[in-house]
Amino acid sequence: MQAQKSKTVITLTSIPDRLHYEVNGRAVMRDNIDSLCNQNYENYEVHLNLPKVYTAHNVETEIPKWLKSAESEYDHLKIFLEEDEGPPTKILPTLRRVLAPETMIVVVDDDFVYHKD
């Protein structure tokens, strides 16, 4: 019997302005999310931790249509509205949520397109 690989969680955060930034009618961050959700690895989730209220500008986060669509398209994309903890928002809520000690957590940025491997 082959042992099952432990789950991997890719975790990141973003800010409201970046979620809504578009070039030629396409959300720039969509490429980031697509690249994370199209990895060759199978046993993983992507946790996008968004601040309920972005405290630096006192702006409530509104989830854009493209991101809701991506969440429907990708079963392993999970969007969480969390308290704003500044840059650590990318990891702290995930650490509180993911309790299995064998889970590998990979922290990434929201402004890169990642290779599928």
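**Figure 1. Salt bridges in the predicted model.** The structure, a predicted model, holds 10 salt bridges. One of them joins the side chains of Glu45 and Lys7, with an N to O distance of 3.2 Å. Because Glu45 belongs to strand β4 and Lys7 to the segment before β1, this pair ties together parts that are 38 residues apart in sequence. Glu45 is buried, at 18% relative accessibility, whereas Lys7 is partly exposed, with a relative accessible area of 32%.

**Figure 2. The salt bridge between Asp110 and Arg18.** The side chains of Asp110 and Arg18 meet at 2.5 Å, N to O. Distant parts of the chain are linked by this pair: Asp110 is in the segment after β8 (104-107) and Arg18 is in helix α1, 92 residues apart. Asp110 is buried, with a relative accessible area of 9%. Arg18, at 35% relative accessibility, counts as partly exposed.

**Figure 3. The salt bridge between Glu85 and Arg96, and a network of shared partners.** In the salt bridge of Glu85 with Arg96, the closest N and O atoms are 2.3 Å apart. Glu85 lies in the loop between β7 and α4, and Arg96 lies in helix α4, so the pair ties together parts that are 11 residues apart in sequence. Glu85 is partly exposed, with a relative accessible area of 30%. Elsewhere in the view, one network is formed by Arg26, Arg30, Asp31, Asp34 and Glu73, which are joined by salt bridges that share partners.

**Figure 4. Helix α2 and its surroundings.** Helix α2 is largely enclosed by the rest of the structure, because 8 of its 9 residues are buried. The buried residues are Met29, Arg30, Asn32, Ile33, Asp34, Ser35, Leu36 and Cys37. Their packing partners are β1, α1, β3, β4, α3 and β7. Two of the buried residues, Arg30 and Asp34, also take part in the salt-bridge network that includes Arg26, Asp31 and Glu73.

**Figure 5. The largest nonpolar core.** In soluble globular proteins, nonpolar side chains tend to be buried together. Here, the largest nonpolar core has 19 residues, and those with the most contacts inside it are Ile33, Val46, Leu48, Leu67 and Leu77. At least two residues of this core are supplied by each of β1 (8-13), α2 (29-37), β4 (44-51), α3 (65-73) and β7. Around Val46, with residues up to four places away in sequence left out, the contacts are Ile10, Leu12, Leu36, Cys37, His76, Leu77 and Lys78. Leu77 is thus named both as a contact of Val46 and among the core residues with the most contacts.

**Figure 6. Thr89 and Lys90 in the loop between β7 and α4.** Thr89 is placed in the loop between β7 (77-82) and α4 (92-97), and Lys90 is found in that loop as well. Thr89 is buried, at 1% relative accessibility. Apart from neighbours within four places in sequence, Thr89 is in contact with Thr13, Asn49, Glu83 and Asp84. The side chain of Lys90 makes a polar contact of 2.7 Å with the side chain of Asp109. Not counting residues up to four places away in sequence, Lys90 touches Thr11, Leu12, Thr13, Asn49, Val107, Val108 and Asp109. Thr13 and Asn49 therefore appear in the contacts of Thr89 and also in those of Lys90.

**Figure 7. Asn24 and Asn58, two residues with positive phi.** Most residues other than glycine have a negative phi. Asn24, although not a glycine, has a positive phi of about 55 degrees. Its place is the loop between β2 and β3 (26-27), and Asn24 is exposed, with a relative accessible area of 82%. Asn58 is likewise not a glycine and has a positive phi of about 50 degrees. Asn58 sits in the loop between β5 (53-54) and β6 (59-60) and is exposed, with a relative accessible area of 64%.

**Figure 8. A nonpolar surface patch.** Tyr21, Val23 and Val28 make a nonpolar patch of about 270 Å² on the surface. Of these residues, Tyr21 is located in the loop between α1 (16-20) and β2 (22-23).

How values were computed
Residues numbered from 1 in each chain as written. Predicted model: local features only at pLDDT ≥ 70, side-chain atom pairs only at ≥ 80, totals over all residues. Heavy atoms only, no water. Patch = residues over 30% accessible without salt bridge, like charges linked within 9 Å, V, L, I, M, F, W, Y side chains within 5 Å. Areas by Shrake-Rupley, 256 points an atom, 1.4 Å probe, with all protein chains shown as cover. Salt bridge = Lys/Arg side-chain N within 4 Å of Asp/Glu carboxyl O. Helix = DSSP H or I, 4+ residues; strand = E, 2+ residues; numbered from the N terminus. Buried < 20%, exposed > 50% of the residue type's maximum accessible area, 1.4 Å probe, protein only. Contact = heavy atoms within 4.5 Å. Core = buried A, V, L, I, M, F, W, Y, C linked by side-chain atoms within 4.5 Å. Polar contact = N/O pair within 3.5 Å; in protein donor to acceptor, adjacent residues only side chain to side chain.
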